Amino acid sequence: MSKDLVAEKSNLIKVLQTEQKKEGFISDAAIERIAGEFNLPVVEVEGVVSFYTQFKRVPPGKYQIMVCDGTACHIIGSTLILNWLTDELGIKDGETDEEGLFSLESVACLGCCSLAPVISINGKVYGKLDRKKLLKIVADFRKKEAAGS
Amino acid sequence: MIKRIKVGMASCGIAAGAGEVLELLQEMAGDNKVVEVGCIGHCYAEPLVEVETDSGDYIFEKVQPKEEDLQKIIDLDEFSRFQPHSPRVDKERQLITSLAGKIVPTSLEEYRANKGYEGLKKALEMEPDAIVDEVKTSKLRGRGGGGFPTGLKWSFLAAKDSEQKVLICNADEGDPGAFMDRTLMESLPHQVLEGMLIGAKATGARQLFIYCRAEYPLAVKNLNIAIEQIEKEGLNIIDGEPVKIMVKEGAGAFVCGEETALIHSLEGKRGTPRYRPPYPTDYGFHGYPSAINNVESFANIPLIVRDGGENFAATGTENSTGTKLFALAGDLEYSGLVEVPMGISIGEVVYDIGGAEPGSVKAVQIGGPSGGCIPAEHFDTPIDYDSLTSLGAIMGSGGLIVIGNNRCMVETARYFLEFTTRESCGKCTFCRIGTKRMLETLERITGGEGGPEDVELLADLGKKIIQGSLCGLGQTAPNPVLSTLKYFNNEYLAHVEEGHCAAMECKALVDVFIDRETCIECGQCIKNCPVDCISEDYVIDNEICTRCNSCIEVCPVDAIARVAKGGEVSVGN
């Protein structure tokens, strides 16, 4: 074995992360291509992809909503937040709406517990939410989208 | 005269809106220098701005990105001044976080100007054995939760004769509600790296990895900048040989906090744990001897070597020395990151530092999904590894969630089991299926369909999962259930025997009711109900109602509330 410890296969996760950053998700074609590059069976790459929650197999919406379900958010009411969003957007946890505008995902912890309950949209965090604030945020994104198109 | 203006730009600050404040301040500050710093730990007061002047420092809290407010800050007006509350100042002991939020995280000069890399300098002149001995003298125990003596772990690696040895920093902080390691890496990346380089000298490792959660982009960025700086300065040269340091991003799997799973993930594989022995110090990354320490453990090392192990051991208790970082959150006034001496009581942290109202708290949850709930009557227990274990909780990595009287403990236990069930890697049957069965049982109980036999089943399953699981995830997964069974058995019994959830949290055990006497018939609830279950004369059809609380939230006169299913009705008071 080469003394350089960062042997090729160790970079599989990194390559998948780069792919996802570029495309937003990992397609079947990407899995086949990457398996070829690493000289690995397709099923092994698929196994790695399905193991880690970071990797998505469906294209995300233009606005990716993450609902924090960390402990602090949970006890303060993140379940209600997720329900309200499901009602408002018509999609469940893990889904993308038909127009490809919003996708909804419940995540373990965004790490801003003092602002609980929080969501993030494309990485920007919105904290201390109640129903009114939450619906206004969604409405604002919709307005912005309508104005833009 | 203003020397410079510091804006707290760690993740929590950014989340609270520090980015907008920074941008506007940069426009307005004229010749004054505006810099980004890390986190001082007072999350509840974010965004924080500190102005350094010739005549002392001024800190401003909850700063909004408004021109008139920021002008007041630049003029040093009496405005929104931040004053840490005195009980916290008295009880806290900032040793490893003393520079957090005070210096620019990615400035090597500033870290050096504050005794940074003095520990490494000293270590480079010491024999490796002497460094290991110093760490042993300090009695430092692993801060990731396990509490294994760091010096002992290092001595195993140091004793190995191998062409290559590996030292790994475990920064896969996956507990929901924990952000100690993130803060250290974001605010003090050089301190973590200094600890690792000292470890390299002590153990003979020449390849260093930091396995960091992918959800921490700022930590990764700051670490990479710091690594570039030390490589440029040659600080990574040990015994004439450059040490390789590399940040590897995880991809979201809680089990990768377990050391053998972490190594598999570093190798680019699925992060499943394996049977130990052989321990990583015998057979680790690609078969080479490897040692894994937590971020906070490494952050302690520079202080131990610089000021001596004995000096370090003077803080804390006999068997748990030094300080511990806790991420405080939940039902309290002052949430944030706090560093306390080991041996402080839980009550001091919850009431004095956290500002929780005595009498309003029924428990704390320590250690996340691997930990347990400790009831208020045990709040005089000192925080050290052994006392917490004896109560059925664990030190864990340092998440500490305060649970108020109005929360349901059964639902809290269900929440943690849902997490571990999802995160179980599936290798061991007891963990994979056992946690699933436990979750289903808890769902029966919170769903109003549980019986007394379910409570017994939980206790039985819990014991077996602990015995039948290979790694720490499975061995600790039942803790949240077993500790609530032990201390809040009455709540379980109320659910299964009376169908009653005192906290009104379990949907199946509550109805939603409109008090017609208070109601002003404004129609808001009818308009906002997603399932149209409220009639024109303001009666809720609880068969259709999903308990989404939309009507409760919009009601302007608080006439709507959750009530016990089929029980006596009283609203609002």
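Start in chain A and select the loop between strand E3 (119-121) and strand E4 (124-126): Asn122(A) sits there. Keep in mind throughout that this is a predicted model. Asn122(A) isn't a glycine, yet its phi is positive, about 45°. Most residues other than glycine have a negative phi. Is Asn122(A) buried or exposed? Count its C-beta neighbours inside 10 Å and you get 12, so the residue counts as exposed.

**Zoom out to chain A**

Now show chain A as a cartoon. Six helices and four strands should turn up, and going along the sequence their pattern is α-α-α-β-α-α-β-β-β-α. Along the principal axes, the C-alpha atoms of chain A fill a box of roughly 60 × 35 × 20 Å. Colour by burial next: of the 149 residues in chain A, 36% count as buried. As for contacts in chain A with a separation of 6 or more, 58% come from residues 24 or more positions apart.

**Over to chain B**

Switch the cartoon to chain B, where there are 24 helices and 17 strands. Chain B has a radius of gyration of 26 Å, close to the 25 Å the globule rule gives for 573 residues, so the chain is as compact as a globular protein of that length. Its C-alpha box, again along the principal axes, is roughly 85 × 65 × 40 Å. With the burial colouring on, 55% of the 573 residues of chain B count as buried. Take the contacts in chain B between residues at least 6 apart in sequence, and 72% of them join residues at least 24 apart.

**Where the chains meet**

Show both chains and pick out the residues that touch across the boundary: 50 residues from chain B and 40 residues from chain A. Which elements of chain B should you highlight on the side that touches chain A? Helix H1 (11-16), strand E9 (244-249), helix H12 (259-266), strand E11 (323-330), strand E15 (399-404), H17 and helix H24 (550-554) each supply at least two residues. H1(B) gives the most, with four residues. Colour this side of chain B by class and you'll find 23 nonpolar, 19 polar and eight charged residues.

**A helix pair: H17 and H18**

Stay with H17, residues 409-423 of chain B, and add H18, residues 429-446 of chain B. Two packed helices are described by the angle between their axes and the distance between the axes. Here the axes come within 9 Å and cross at roughly 150°. Angles over 145 degrees count as roughly antiparallel, and H17(B) and H18(B) are therefore roughly antiparallel to each other. Their crossing is left-handed.

Turn on side chains for the contact. On H17(B), select Val410(B), Glu411(B), Ala413(B), Arg414(B), Leu417(B), Glu418(B), Thr420(B) and Thr421(B). The H18(B) side is made by Thr435(B), Lys436(B), Met438(B), Leu439(B), Leu442(B), Glu443(B), Ile445(B) and Thr446(B). What is the make-up by class of the contact of H17(B) with H18(B)? Seven residues are nonpolar, four polar and five charged.

**Two cis bonds in one loop**

Head back to H12 of chain B and follow the loop that runs between H12 and strand E10 (290-294), where you'll find Pro277(B). Pro278(B) lies in the loop between H12 and E10 too. Check the peptide bonds here: most peptide bonds are trans. The one joining Arg276(B) and Pro277(B) is cis, with omega about 0°. The bond from Pro277(B) to Pro278(B) is cis as well, with omega near 0°.

**A covered helix: H13**

Next, select helix H13, residues 295-307 of chain B. How many of its 13 residues are buried? Twelve of them are, so to speak, under cover. Among the buried residues are Val295(B), Phe298(B), Ile301(B) and Leu303(B), and the list also includes Glu296(B) and Arg306(B). Right after H13(B) comes Gly308(B), with a positive phi near 95°.

**Last stop: Glu521(B)**

Finish in the loop between strand E16 (510-514) and helix H23 (524-528) of chain B, the place of Glu521(B). Glu521(B) has a positive phi of about 55° although it is not a glycine. With 13 C-beta neighbours inside 10 Å, Glu521(B) counts as partly exposed.

Key
Residues numbered from 1 in each chain as written. Chains lettered and ligands numbered in written order. Predicted model: local features only at pLDDT ≥ 70, side-chain atom pairs only at ≥ 80, totals over all residues. Axes fitted to C-alpha atoms, helices over the stretch in contact; angles between N-to-C directions. Parallel < 35°, antiparallel > 145°, perpendicular 65-115°, else oblique. Left-handed = near helix turned anticlockwise from the far one by under 90°. Contact = placed C-beta atoms within 7 Å. Nonpolar A, V, L, I, M, F, W, Y, C, P; charged D, E, K, R; others polar. Rg over C-alpha atoms; globule rule 2.2 N^0.38 Å. Buried ≥ 20, exposed ≤ 12 C-beta atoms within 10 Å, placed from the backbone.
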